[in-house]
Amino acid sequence: MLNIVLFGPPGSGKGTQAESIIRNYNLLHLSTGDMLRAEIAAQTKLGLEAKTLMDRGELVPDSVVIGMIENRLDAPSQTVGFVFDGFPRTVKQAEALDALLATRKAPIRLVLSLVVGEEELTRRIIARGKTSGRADDQNEEIVKNRVVEYRNKTEPLAKYYAAQGKLKEVKGEARVEEVLADLCKEIDAVK
Ligand code: ADP
């Protein structure tokens with residue numbers, strides 16, 4: 001299986017690139033952000049609880065997102081691999097994912113880290129907020145809080161995956177197609 005993690009701060013382009021990667025390599029896109037927004041839209045209990053945290057720019061509990069990912073991995077599919085987008089976001093989530101994939105004998109092959117400077121991130125998220133309708137994209141304080149959560153809880157994961165020899169950094173400030181080409185080069189090298 002070709003299992004890939006897309007890693008990077010909010011606004012680094014994970015969602016955009018994930019869409020192209022799944023098309024090019026016939027993979028399944030697993031975005032915990034999208035799953036949580038679907039729960040909110042369906043007004044489920046889980047969605048209502050997650051919304052309060054997401055609107056503040058805070059992470060939802062590990063157990064919630066790990067459970068959602070486990071359900072997706074268990075759902076029948078013919079896929080040759082998964083692209084994880086926005087997950088894992090904490091070391092606890094990364095350890096849980098490794099355990100889930102180990103029992104399925106399909107470990108993570110590659111972690112692609114999108115590198116984008118802080119100024120460009122804020123600019124992109126606020127621009128996206130004008131059309132996305134996402135409350136967490138429209139307020140500079142909330143955006144800042146998401147970046148703080150990322151630096152404290154998610155960035156340490158880079159070391160976790162580097163220690164496994166799986167982390168590849170890709171510059172994420174070039175045009176979308178150029179970034180995609182660089183990502184595909186890394187994927188082709190492990191395929
Ligand atoms: P972005 O990467 O652009 O910030 P996402 O759509 O990935 O946006 O996530 C939006 C929000 O959903 C996060 O700020 C967080 O509150 C919640 N969320 C998504 N994925 C996770 C996760 N793996 N763990 C905890 N919270 C998450």
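How many nonpolar, polar and charged residues does the shell around the ligand have?

## The shell around the ligand

In this predicted model, the shell around the ligand has seven nonpolar, four polar and eight charged residues. Of these 19 residues around the ligand, the ones that come nearest are Thr 32, Arg 37, Glu 58, Arg 128 and Arg 146. When the shell is sorted by element of secondary structure, helix 2, which runs over residues 32-41, gives the largest share, namely four residues.

## Polar contacts and cover

Three of the contacts involve nitrogen atoms of the ligand, and they can be followed residue by residue in the structure. From the backbone, an N or O atom of Gly 86 lies 3.0 Å from a nitrogen atom of the ligand. From the side chains, a polar atom of Arg 89 is placed 3.0 Å from a nitrogen atom of the ligand, and an N or O atom in the side chain of Gln 93 is likewise 3.0 Å from a nitrogen atom of the ligand. The ligand on its own has 550 Å² of accessible area, and the protein covers 96% of that area.

## The largest pocket

Where does the ligand sit? The ligand is found in the largest pocket, which holds about 920 Å³ of space. This pocket is lined by 46 residues, and those closest to its centre are Pro 10, Lys 14, Arg 89, Arg 128 and Arg 134. Arg 128 is thus named twice, once among the residues that come nearest to the ligand and once among those closest to the centre of the pocket.

Several elements give two or more residues to the lining of the largest pocket, including strand 1 (3-7), helix 1 (14-25), strand 2 (28-31) and helix 2. Further along the chain, helix 6 (118-132), helix 7 (140-154) and helix 9 (176-190) also give two or more residues to this lining. By class, the lining divides into 16 nonpolar, 16 polar and 14 charged residues.

## The second largest pocket

The second largest pocket contains about 150 Å³ of space, and 13 residues line it, with Ser 113, Leu 114, Val 115, Tyr 150 and Glu 155 lying nearest its centre. Two or more residues of this lining come from each of strand 4 (108-115), helix 7 and strand 5 (167-171), and the largest share, three residues, belongs to strand 4. The lining consists of eight nonpolar, two polar and three charged residues.

## Two backbone details

Most residues other than glycine have a negative phi, and most peptide bonds are trans. Against that background, two places in the backbone deserve a look. Phe 87 and Pro 88 are joined by a cis peptide bond, with an omega of about -5 degrees, and Pro 88 lies in the loop between strand 3 (82-85) and helix 5 (91-103). Asn 26, although it is not a glycine, has a positive phi of about 60 degrees, and Asn 26 is located in the loop between helix 1 and strand 2.

How values were computed: Residues are numbered from 1 along each chain as its sequence is written. This is a predicted model: local features need pLDDT of at least 70, side-chain atom pairs count only at pLDDT 80 or more; totals for chains, interfaces and linings use all residues. Side-chain values use heavy atoms; hydrogens and water are left out. A residue is near a molecule or strand if one of its heavy atoms lies within 4 Å of it. A polar contact is a pair of N or O atoms within 3.5 Å; within protein, one must be able to donate a hydrogen and the other to accept it, and residues adjacent in sequence count only if both atoms are side-chain atoms. Accessible areas come from the Shrake-Rupley method with a 1.4 Å probe; for residues, only the protein chains shown count as cover. On a 1 Å grid over the protein atoms alone, a cavity is a set of points where a 1.4 Å probe fits but cannot get out, and a pocket is an open set with protein on both sides within 12 Å along at least five of seven lines; lining residues have an atom within 4 Å of a point. A molecule sits in a cavity or pocket if more than half of its atoms lie within 2 Å of its grid points. Ala, Val, Leu, Ile, Met, Phe, Trp, Tyr, Cys and Pro count as nonpolar, Asp, Glu, Lys and Arg as charged, and the others, Gly among them, as polar. Grid points are joined across faces, edges and corners, and a volume is the space filled by probe spheres set on the points.
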